[in-house]
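Biologist: I should like to go through this model and ask, for each term applied to it, what justifies that term. Please show the structure before we begin.

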Number of protein chains: 2
Amino acid sequence: MRKPVISSVVKALPHLVPFVGPEQMERLRGRPFRARLGANESPFGASPRAILAMEEAARDSWKYCDPENHDLRASIARVHNVEVDNVVIGEGIDGLLGLAVKIAADPGTPVVTSDGAYPTFNFHVAAQGARLVKVPFRDDREDLEALRDAAVREKARVLYVSNPNNPMGSWWQSADLERLIATLPGGLLLLLDEAYCDTAPQGSVPPVDTGNPQVLRLRTFSKAYGLAGARIGYALGEAGLIANFEKVRNHYGINRMGQIAARAAIEDQPYLAAVVQRIEQARHRIARIARDSGLEPLPSATNFVAIDCGREGVFAKAVLDELLARDVFARKPASAGLDRCIRISCGLDAELEILAEMLPPAVAAARRSRLDQS
Amino acid sequence: MRKPVISSVVKALPHLVPFVGPEQMERLRGRPFRARLGANESPFGASPRAILAMEEAARDSWKYCDPENHDLRASIARVHNVEVDNVVIGEGIDGLLGLAVKIAADPGTPVVTSDGAYPTFNFHVAAQGARLVKVPFRDDREDLEALRDAAVREKARVLYVSNPNNPMGSWWQSADLERLIATLPGGLLLLLDEAYCDTAPQGSVPPVDTGNPQVLRLRTFSKAYGLAGARIGYALGEAGLIANFEKVRNHYGINRMGQIAARAAIEDQPYLAAVVQRIEQARHRIARIARDSGLEPLPSATNFVAIDCGREGVFAKAVLDELLARDVFARKPASAGLDRCIRISCGLDAELEILAEMLPPAVAAARRSRLDQS
């Protein structure tokens with residue numbers, strides 16, 4: 001049978017799926033989860049204004065989106081006190097990461113990230129045929145100095161840093177990031193993934209400087225704004241840098257309801273503030289639940305809590321598996337050093353109640369199964 | 001000021017926007033259009049079931065989509081009588097074209113299309129750094145023999161054919177396409193863009209053959225299904241070919257409401273049939289309106305009608321401009337040979353009423369302005 005030739009980059013890529021979604025896990029298990037605490041979504045939901053806007057927009061879905069994303073960008077620009085041409089909209093931060101790598105990396109180009117940081121970024125680097133250089137975490141944080149040093153040493157074209165960080169929930173102070181930014185080598189683009197910045201403590205998010213073409217700030221409506229399904233992310237940056245996205249983005253790729261919902265959401269800052277409070281309360285609750293099971297919650301600036309299970313990665317994996325078997329959807333880091341943790345997303349009170357009920361027997365079962373094997 | 005290095009492919013790309021959207025035109029004009037007949041959308045709207053499904057799903061938009069697109073793919077597979085692994089979902093056909101080019105073309109690889117066919121495809125070819133080879137239309141149709149010959153001569157890796165065709169509304173019979181498919185050179189991937197197949201006459205859409213890894217069929221919910229804003233397209237193909245998309249697609253890039261709406265829409269085939277009838281009636285009406293203005297409508301298998309203005313491209317451009325000035329949003333082909341036409345999308349009766357009112361004075365004004373200049 002004659003076949004098409006597959007491009008050299010794609011042929012070299014492994015077959016893999018970045019994350020198995022909870023729906024697929026439910027299909028494989030044959031029953032639904034009782035608590036959905038694994039994808040760092042916000043079950044507190046979007047602003048009622050955003051929900052109403054979507055309901056009202058449903059019957060106009062026959063129209064294409066505005067490819068300029070004009071109204072949404074105007075609202076974002078106003079909230080951040082930047083110009084509209086400092087803003088580009090993408091299909092979530094995921095979509096923007098892919099475009100950013102395409103803009104700043106050629107095939108074979110070195111790209112630096114942390115070992116254990118967002119795997120979807122690595123996926124895009126591989127799809128672009130660029131060369132990934134990984135720097136270990138240090139004290140459960142992305143190691144800013146080592147990342148900068150690696151970027152200099154490798155003559156990297158892209159450096160990925162997330163603040164606050166997923167999967168550990170850790171963060172840096174603004175001053176630390178500003179020091180990194182001030183010492184970036186020429187030619188490098190810093191992708192500063194701030195998906196979780198809405199829940200970060202004061203003083204940990206540097207002011208946006210649209211005069212610096214070396215820094216792209218990536219934001220999303222998927223986390224605290226409660227619109228993961230709408231697939232709207234945005235990047236803030238210097239106008240000339242942002243203009244490059246016009247060359248490669250899928251201009252009609254944004255769904256119309258997502259545009260409308262995201263705009264309504266960002267215009268409702270009081271709702272966001274209220275959700276951030278609920279997320280904080282949920283973090284405290286998760287930390288208490290962890291301690292009650294003899295585990296150690298890590299401090300978190302995000303809408304999830306990484307929980308140190310206190311032993312090697314296989315034990316944490318066993319705890320996770322026992323939680324999943326008890327109908328609690330959660331996830332865990334896989335990289336060495338981080339893999340001693342499980343990761344629990346902030347959920348509704350009723351879901352955390354289920355977690356409180358299921359974590360102690362899950363830990364006990366994991367201890368038993370580890371004993372059996374030793 | 002230090003800057004990031006821009007990748008060689010992106011640096012070489014021109015700054016351009018594929019299509020200016022009607023919203024942006026309205027902003028520039030300072031007033032809204034009275035008839036939206038330019039983007040080949042379906043103002044007849046989506047199935048009421050799809051609209052209801054979106055309204056009900058709005059408050060669950062805090063959840064990510066199912067990255068497998070399981071339920072939607074199952075419905076699509078059922079309707080087309082293929083397996084689920086013959087189906088991949090994308091952010092409209094636009095998104096899938098970008099991925100298909102990435103999969104089958106390396107930088108510098110020849111890619112063949114028709115001069116005047118879908119410009120967004122060309123945009124993706126350029127973004128991939130591949131080399132575009134354009135074949136002229138013949139008798140207002142894509143020239144299948146010349147396209148195949150060019151693909152053979154250039155040793156092309158990708159061939160783009162649309163059936164029915166945008167912007168002319170023309171089409172081929174199944175037998176003609178099957179002859180093309182049977183004689184494709186080895187190594188080539190045929191992208192058969194069937195965005196408009198739902199409105200095509202019987203016998204013009206070849207049966208889907210998922211045994212042939214050289215042909216990818218591209219479909220969309222943006223046209224007759226009335227869900228352009230939802231940004232859902234799909235490709236049908238041989239399972240091994242489809243599997244390549246798993247390596248490069250943005251797994252969480254599909255919006256959740258789009259998934260839900262598209263599934264409800266494809267499950268409502270009676271509604272689709274009813275819309276197709278309304279589209280047919282609108283085509284007839286547009287044809288009559290064109291003739292009443294002394295212009296010649298071309299036969300159409302799509303949800304729009306290309307209207308031959310009977311003179312050179314600048315005249316057709318003048319007719320379009322006069323229509324726009326009279327608050328009728330329409331578009332026109334730009335390529336030599338096709339540019340004598342304007343393109344009118346099927347609209348609601350009230351919109352076609354406005355067209356009937358505005359086209360005669362627009363043509364008269366265009367005639368006057370051309371006389372002034374000659």
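Biologist: Which residue of chain B comes closest to the rotation axis?

Modeller: This is a predicted model, and in it Glu55(B) comes closest to the rotation axis among the residues of chain B, with its C-alpha at 2.3 Å.

Biologist: What makes the relation between chain A and chain B that of a two-fold axis?

Modeller: Chain B is superposed on chain A by a rotation of 180 degrees, with 0.0 Å of shift along the axis and an RMSD of 0.0 Å. That is the relation of a two-fold axis.

Biologist: How do you know that the copies meet through the same surface?

Modeller: The interface residues of chain B are, to 100%, also interface residues in chain A, so the two copies meet through the same surface.

Biologist: How many residues does each chain bring to the contact, and which elements of chain B give two or more of them?

Modeller: Chain A and chain B each bring 77 residues. On the side of chain B that touches chain A, two or more residues come from each of α1 (8-12), α2 (22-29), α3 (48-57), α5, α9 and α10 (256-266) of chain B. The largest share, 7 residues, belongs to α5(B). By character, that side of chain B divides into 34 nonpolar, 23 polar and 20 charged residues.

Biologist: What makes Leu227(B) stand out in the largest nonpolar core?

Modeller: That core has 254 residues, and Leu227(B) is among the four that touch the most other members, the others being Leu227(A), Ala261(A) and Ala261(B). With residues up to four places away in sequence left out, Leu227(B) touches Ser61(A) and Trp62(A) in chain A. In chain B it touches residues including Ala46(B), Ala50(B), Phe221(B), Ile232(B) and Ala261(B). The cut-off for such a contact is 7 Å between C-beta atoms.

Biologist: Which residues of helix α9 of chain B are called buried, and against what do they pack?

Modeller: In α9(B), residues 239-248, the buried residues are Leu241(B), Ile242(B), Asn244(B), Phe245(B), Lys247(B) and Val248(B). The term requires 20 or more other C-beta atoms within 10 Å of a residue's own. In chain A, the buried residues of α9(B) pack against α1 (8-12) and α6 (119-127). In chain B, they pack against β2 (87-90), α5 (92-104) and β7 (215-220).

Biologist: How do you know that the buried residues of α7(A) line one face of the helix?

Modeller: Helix α7(A), residues 144-154, has Leu144(A), Leu147(A), Arg148(A) and Ala151(A) as its buried residues. Seen down the helix axis, they fall within an arc of 95 degrees, so they line one face. An α-helix has 3.6 residues a turn, so residues three or four places apart point the same way. The buried residues of α7(A) pack against β3 (110-114), β4 (131-135), β5 (158-162) and α8 (174-182) of chain A. Just after this helix, Lys155(A) takes a positive phi of about 50 degrees.

Biologist: Why are β9 and β12 of chain A said to stand at the edges of their sheet?

Modeller: The sheet is open, with 3 strands in the order β9-β10-β12 of chain A and antiparallel pairing. Strands β9 (296-297) and β12 (341-345) have a single partner strand each, so one side of each is left without a neighbour in the sheet.

Biologist: What makes β9(A) and β10(A) paired strands?

Modeller: Pairing requires at least two bridges, and β9(A) and β10(A) are joined in the antiparallel sense over 2 bridges. Glu296(A) stands opposite Asp308(A), and Pro297(A) opposite Ile307(A). The two strands form a hairpin with 6 residues between them. Strand β10(A) is also joined to β12(A), antiparallel, by 5 bridges; there the partner of Asp308(A) is Cys341(A).

Biologist: Why is β10(A) described as largely enclosed?

Modeller: Of its 5 residues, 4 are buried, so β10(A) is largely enclosed by the rest of the structure.

Biologist: How many residues of β10 are buried in chain B, and which strands pair with it there?

Modeller: In β10(B), residues 304-308, 4 of the 5 residues are buried, and the strand is mostly covered. Strand β9(B) pairs with it in the antiparallel sense over 2 bridges, and a hairpin through 6 residues joins the two. Strand β12(B) is joined to β10(B) by 5 bridges, also antiparallel. Asp308(B) stands opposite Glu296(B) in the one pairing and opposite Cys341(B) in the other.

How values were computed:
Residues are numbered from 1 along each chain as its sequence is written. Chains are lettered from A and ligands numbered from 1 in the order in which they are written. This is a predicted model: local features need pLDDT of at least 70, side-chain atom pairs count only at pLDDT 80 or more; totals for chains, interfaces and linings use all residues. Copies are superposed by least squares on the C-alpha atoms of residues with pLDDT of at least 70 in both. A nonpolar core is a set of buried Ala, Val, Leu, Ile, Met, Phe, Trp, Tyr and Cys residues joined through C-beta atoms within 7 Å. A residue is buried if 20 or more other C-beta atoms lie within 10 Å of its own, exposed if 12 or fewer, and partly exposed in between; C-beta atoms are placed from the backbone. Ala, Val, Leu, Ile, Met, Phe, Trp, Tyr, Cys and Pro count as nonpolar, Asp, Glu, Lys and Arg as charged, and the others, Gly among them, as polar. The arc is that of the directions from the helix axis to the C-beta atoms.
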